Amino acid sequence: MATDAYLLDNRAAEAELRFAALGAVFDEVTLRHVDALGPAPGWRCWAVGAGGPSIPDALAARVAPGGLVVATDLDTRWLAGRAGGDVEVVQQDVARDDPPGAGFDLVHARLVLSHVVAREEALTRMVSALRPGGWLLVEDYDVLLLQWPSPDEDGPEQRLADTVKGEFRALLREHGADPRFGRRLPRLMRAAGLVDVQADAYFAVALPTVAALDQANARQIRDEIVQRGHLSAEDVDAYIALVADGRLDLTTPPLVSAWGRRPPED
Ligand SMILES: C[S@@+](CC[C@H](N)C(=O)[O-])C[C@H]1O[C@@H](n2cnc3c(N)ncnc32)[C@H](O)[C@@H]1O
C-alpha cells in the first residue's frame with residue numbers, strides 16, 4: 001500500500017538498536033567526511049533526522065568551545081536527555097517545517113532524505129539554512145548501485161537473505177523511498193546552488209557490525225514483510241537467526257556521501 005509515512009518509525013524499540021548499529025557501521029565514514037570540511041570551535045551545525053545521539057555528540061565535540069549542534073528529527077525520543085549545553089534537540093519535519101535556525105556552518109543528514117517523499121524541497125530547505133560558504137553533507141544509500149544485496153549469493157541461506165532484503169526494499173519503495181537517491185545527490189546539490197560539489201561511496205561487503213542493523217530492521221518490519229505474502233514469519237525468523245549466527249556475509253548498500261558549499265558571496 002503506497003504511503004509517505006516513514007517505514008522505520010522511531011516509536012519501535014528496535015530504533016534505538018538501529019541507531020547504535022548505524023553508528024557502528026557508518027560513523028567512521030561520516031566523521032571522515034566531516035573532518036575533511038574543517039570543523040572548528042564556534043561552528044553552528046544542524047544534524048537533520050539525527051535519530052540517535054552519536055553524530056550530534058561527535059559534532060558537538062568538534063565545534064566546542066562556543067559551537068552549537070541543533071539535532072532535529074520527526075521523532076526525537078532517542079535524542080531526549082542527551083541535550084547538553086552545546087546540543088539542542090528540536091522536533092522538526094524536514095519535509096514541511098522551517099529550518100531550526102539560519103546561518104549554519106554545516107548541515108548534515110545521513111539516511112534521511114531517501115525516506116522523505118518531498119526530498120528535493122527538503123534539500124532546498126537545508127541549503128537555505130547555510131551561511132555563505134557553509135557546507136552541506138548529505139549521505140544516503142543508493143541500493144541499485146550494487147547489483148545484488150548479497151554479492152556472493154552462494155546457497156539457500158544467502159538466497160533467503162536476498163529475498164528478505166528484496167521485500168524490505170519493496171516496502172521502502174511503497175513508503176515513497178527513492179532507491180537511486182545516492183547517485184542523484186551531486187546533481188541536486190549543484191541545482192540547489194552549491195559549489196565545490198563532490199561525492200564518494202562506501203559499503204560493507206562482509207562485516208559483523210552489520211548484524212545488529214539487519215536484525216533491528218528485520219524485527220521491526222517482520223509483520224509488514226509477512227503481509228506482502230511472499231515470505232512467512234518463520235522465513236523472516238530464520239533469516240534473523242542466520243544473521244545472529246554469523247553465517248552470512250553481511251553487506252550494506254552503497255552509502256553515497258555528497259558535499260558542497262554555498263558560494264561564499266551570494
Ligand atoms: C534510518 S534513520 C537514520 C538516523 C541517523 N541519521 C543515522 O544515520 O544514524 C532515519 C531518521 O530520519 C528521521 N526522519 C524520517 N523522515 C523525516 C522527516 N521528514 N523529517 C525529519 N526526520 C525524519 C527518522 O525519524 C529517523 O530518525
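This passage describes the strand pairing, helix packing and unusual backbone angles of one protein model. The model is predicted, and local features are reported only at a pLDDT of at least 70 and side-chain atom pairs only at pLDDT 80 or more, while totals for chains, interfaces and linings use all residues. Residues are numbered from 1 along each chain as its sequence is written, and side-chain values use heavy atoms, with hydrogens and water left out.

A good place to start is strand β2, which covers residues 68–73; helices (H or I, at least four residues) and strands (E, at least two) are DSSP runs, numbered from the N terminus. Five of the six residues of β2 are buried, leaving the strand mostly covered. Here, buried means under 20% relative accessible area, exposed means over 50%, and partly exposed lies in between, using a 1.4 Å probe and protein chains only.

Strand β2 has parallel partners in β1, over four bridges, and in β3 (residues 87–91), over five bridges; two strands count as paired if DSSP finds at least two bridges between them. Val69 of β2 appears in both pairings: Cys45 stands opposite Val69, and Val87 is the bridge partner of Val69 in β3. Between β1 and β2 the chain passes through helix α2 (residues 54–63), giving a right-handed β-α-β crossover. Right-handed means that, with the strands pointing away from the viewer, the path from the first strand over the helix to the second runs clockwise.

Helix α3 (residues 119–128) offers another view of the packing. Its buried residues are Arg119, Ala122, Leu123, Arg125, Met126 and Val127. These buried residues pack against three strands, β1 (44–48), β4 (104–110) and β5 (130–141), and against helix α5 (181–191), where contact means heavy atoms within 4.5 Å.

The backbone also holds a few details worth a look. Most residues other than glycine have a negative phi, and most peptide bonds are trans. The peptide bond from Ala64 to Pro65, however, is cis, with omega near -5°. Pro65 lies in the loop that links α2 and β2. Leu111, although not a glycine, has a positive phi of about 55°. Leu111 sits in the loop between β4 and α3 and counts as buried because its relative accessibility is 13%. Asp196 is likewise not a glycine and has a positive phi of about 55°, but Asp196 is found within a strand, β6 (residues 195–202). With a relative accessible area of 42%, Asp196 is partly exposed.
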